[in-house]
Amino acid sequence: MDFRQLRTFACVAELGSLSKASDTLRVAQPALSRQIKLLEHELRTELFTRNGRGMVLTDAGRLLLARTSGIVRQIDQIRDDIQSAGGAPSGRVVLGLVPTVSCVLSARLARRTVERYPGISLCIVESYSGHLIEWLHRGEMDLAVIYGPSVDLHLAVQSLGRDSIVAVGPRGSGLKPKKQVDFGWLMRQRLVLPSHSHGLRALLEHAAAKKKIDLDVKLEADSFRVLTSLVEEGLGYTLLPPSSVRAEVAEGRLETAAIGRPAPRRELTLASPVEHPGSNAMTLIAKLLRDEVAALRAEGLWDIQLA
């Protein structure tokens with residue numbers, strides 16, 4: 001195996017098409033096809049199944065991608081750092097954001113990146129903490145903003161602060177920002193939450209267990225937009241940072257209320273893989289991200305206690 005073959009393989013696997021990979025890598029399609037065939041010949045197995053929809057990974061292909069994607073990214077980062085040494089920073093940074101952070105931070109961070117570092121290509125991926133942690137471990141992601149606790153993650157972590165959590169209900173639920181609701185009462189209501197593998201659910205399960213309360217979770221949603229739409233339809237309550245539903249509250253579609261003691265807060269963590277050093281572009285994006293979090297707090301757009 002050589003790097004060119006592995007890079008071609010990773011690109012085809014990501015795009016699911018030789019023609020799309022050809023456009024991205026700017027290499028003729030027959031040459032890419034030959035590299036894939038040479039790789040399959042060396043490994044003595046098929047890596048893709050070819051059908052009318054494109055190129056689909058086989059089990060062997062998925063195993064190879066999981067084992068080599070991090071290596072390919074590291075070599076690309078080394079090349080970018082060397083080429084940009086002494087000049088304008090360049091390279092690709094894949095940043096993962098949990099949905100409640102993405103809706104507040106993504107646009108501002110992207111705009112600042114374009115303005116200050118036009119040579120850096122920023123890819124923002126939105127998902128829940130459980131998925132982001134898995135992608136960090138596999139080397140498919142450079143940075144991720146996740147919710148803690150951050151112990152036992154086997155990642156390089158830096159606390160950004162602690163995010164407040166409020167009760168969120170539909171219009172007409174009677175929730176008001178200046179009127180606290182009892183945590184025990186809220187936990188006994190019909191709740192709409194993410195599934196068990198995600199940070200918010202784990203936080204609430206732990207808090208409810210301490211009070212010996214069984215959560216009444218009738219609906220689960222691993223999409224932030226689906227979750228808020230279900231609450232908006234009156235199907236239950238949820239708990240979220242107030243910054244993530246600011247627009248919906250302003251439009252009268254959702255209502256929020258502070259939660260009485262013990263008011264839950266979530267640790268917000270910036271995480272990266274420990275297996276390889278970060279690129280120069282990754283370091284710059286991490287600093288830009290921390291600056292934006294501080295700016296949002298200073299402007300009153302994010303109720304977060306900075307670390």
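I take a residue as buried when its relative accessible area is under 20%, and on that footing 49% of the 307 residues of the protein count as buried. I keep in mind throughout that this is a predicted model.

**Entry 1: overall.** I looked up the secondary structure of the protein and found that it comes to 11 helices and 13 strands. I then took the extent of the C-alpha trace, which spans about 65 × 45 × 35 Å along its principal axes. For contacts between residues at least 6 apart in sequence, I noted that 75% join residues at least 24 apart.

**Entry 2: the six-stranded sheet.** I followed the open sheet of six strands, whose order is β4-β3-β5-β12-β6-β13 and whose pairing is mixed. The edges are taken by β4 (120-126) and β13 (304-306), and because each has a single partner strand, one side of each is left without a neighbour in the sheet. I also recorded the twist: neighbouring strands of this sheet are turned by 25 degrees against each other on average, when direction is ignored.

At the β4 end I looked at the pairing with strand β3 (residues 91-97), where the two strands run parallel and are joined by seven bridges. One pair I wrote down is G96, whose bridge partner in β4 is V125. I then turned to helix α6 (residues 129-137), which packs on the sheet and touches β3, β4, β5 (143-147) and β12 (265-272). The direction of α6 makes about 145 degrees with that of β5.

**Entry 3: the three-stranded sheet.** I next went to an open sheet of three strands in the order β10-β7-β11, where the pairing is antiparallel. Its edge strands are β10 (238-240) and β11 (254-257), each of which pairs on one side only. On average, and with direction ignored, neighbouring strands of this sheet are turned by 40 degrees against each other.

Strand β7 (residues 166-170) pairs with β11 in the antiparallel sense over four bridges, and I noted that V168 has T256 in β11 as its bridge partner. Helix α9 (residues 224-232) packs on this sheet, where it touches β7, β10 and β11, and its direction makes about 130 degrees with that of β10.

**Entry 4: the helices at the N-terminal end of the numbering.** I looked up helix α1 (residues 3-15) against α2 and found that their axes come within 8 Å and cross at roughly 125 degrees, which makes α1 oblique to α2. The crossing in which α1 passes α2 is right-handed. On the α1 side the contact is made by R7, T8, C11, V12 and L15, and on the α2 side by L18, K20, A21, T24 and L25. Sorted by class, this contact of α1 with α2 has six nonpolar, two polar and two charged residues.

I then took α2 (residues 18-25) against helix α3 (residues 29-43), whose axes come within 9 Å and cross at roughly 110 degrees. An angle from 65 to 115 degrees counts as roughly perpendicular, so I entered α2 as roughly perpendicular to α3. Here too the crossing, of α2 past α3, is right-handed. From α2, the residues L18, S19, A21, S22 and L25 meet Q29, L32 and S33 of α3. By class, the contact of α2 with α3 has four nonpolar, four polar and no charged residues.

**Entry 5: α5, α11 and V104.** I looked up α5 against helix α11 (residues 280-298), and their axes come within 10 Å and cross at roughly 125 degrees; the two helices are therefore oblique to each other. Their crossing is right-handed. V104, L105, R108, L109, R112, T113 and R116 in α5 meet I285, L288, L289, E292, V293, A295 and L296 in α11. The class count for the contact of α5 with α11 is nine nonpolar, one polar and four charged residues.

Is V104 itself buried or exposed? I found it in helix α5 (residues 99-116), and V104 is buried because its relative accessible area is 13%, where the cut-off is under 20%. Leaving aside neighbours within four places in sequence, V104 is in contact with S243, S244, L296, L301 and W302. As a last check I took the separation of V104 from F9, and the two are 95 residues apart in sequence and 35 Å apart in space, C-alpha to C-alpha.

Definitions and conventions: Residues are numbered from 1 along each chain as its sequence is written. This is a predicted model: local features need pLDDT of at least 70, side-chain atom pairs count only at pLDDT 80 or more; totals for chains, interfaces and linings use all residues. Side-chain values use heavy atoms; hydrogens and water are left out. Buried means under 20% relative accessible area, exposed over 50%, partly exposed in between (1.4 Å probe, protein chains only). Contact means heavy atoms within 4.5 Å. Axes are lines fitted to C-alpha atoms, for helices over the stretch in contact, and angles run from 0 to 180 degrees between N-to-C directions. Angles under 35 degrees count as roughly parallel, over 145 as roughly antiparallel, 65 to 115 as roughly perpendicular and the rest as oblique. A crossing is left-handed if the near helix is turned anticlockwise from the far one by less than a right angle, and right-handed if clockwise. Ala, Val, Leu, Ile, Met, Phe, Trp, Tyr, Cys and Pro count as nonpolar, Asp, Glu, Lys and Arg as charged, and the others, Gly among them, as polar. Two strands pair if DSSP finds at least two bridges between them.
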